[in-house]
Amino acid sequence: MNSNEKAERILASIVNIGKTLKMSVIIEGVETQDQLHVVQALGCNYIQGFLFSPGVNFEAATRLLKNKTINPGDMKG
């Protein structure tokens, strides 16, 4: 997404539509710090992707959520 201005504009439009409709927006597929910075700049509510965790089964996901919730605002880089 970072190297594709058109993709970033499409993403920004989708986030803005969600905000206009007072909906929470989840961006999936965030894999790099650069992508995280772009998504944070758009003001996205929730972010998911391999940057935070690879896909896990139910038991591992439950353990992860019980032990720690990852807040994108806490990510530095």
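A residue is called buried here when its relative accessible area is under 20%, and exposed when that value is over 50%. With these terms in hand, the structure, which is a predicted model, can be read from the whole chain down to one helix.

The protein chain contains three helices and two strands, and along the sequence these elements follow the pattern α-β-α-β-α. Of its 77 residues, 22% count as buried, while the accessible surface comes to about 5800 Å², with 55% of that area belonging to carbon and sulfur atoms. Among the contacts between residues at least 6 apart in sequence, 33% join residues that are at least 24 apart.

Helix 1 deserves a slower look. Its 16 residues should span 22 Å at 1.5 Å a residue, and this agrees with its end C-alpha atoms, which are 22 Å apart. The buried residues of helix 1 are Leu-11, Ala-12, Val-15 and Gly-18. Because these residues cover an arc of only 120 degrees around the axis, they lie on the same side of helix 1. The cover over the buried residues of helix 1 includes strand 1 (26-27) and helix 2 (33-41).

The face of helix 1 turned away from that buried side carries the exposed residues Glu-5, Lys-6, Arg-9, Ile-17 and Thr-20. Ile-17, which lies in helix 1 (residues 5-20), has a relative accessible area of 51%, and since exposed means over 50%, Ile-17 counts as exposed. Together with Leu-21 and Met-23, Ile-17 forms a nonpolar patch on the surface, and the three residues have about 320 Å² of accessible area together.

Conventions: Residues are numbered from 1 along each chain as its sequence is written. This is a predicted model: local features need pLDDT of at least 70, side-chain atom pairs count only at pLDDT 80 or more; totals for chains, interfaces and linings use all residues. Side-chain values use heavy atoms; hydrogens and water are left out. Patches are made of residues with over 30% relative accessible area and no salt bridge: like charges are joined within 9 Å, nonpolar side chains (Val, Leu, Ile, Met, Phe, Trp, Tyr) within 5 Å. Accessible areas come from the Shrake-Rupley method with a 1.4 Å probe; for residues, only the protein chains shown count as cover. A salt bridge is a side-chain nitrogen of Lys or Arg within 4 Å of a carboxyl oxygen of Asp or Glu. Helices (H or I, at least four residues) and strands (E, at least two) are DSSP runs, numbered from the N terminus. Buried means under 20% relative accessible area, exposed over 50%, partly exposed in between (1.4 Å probe, protein chains only). Contact means heavy atoms within 4.5 Å. The expected span of a helix is 1.5 Å times one less than its number of residues. The arc is that of the directions from the helix axis to the C-beta atoms.
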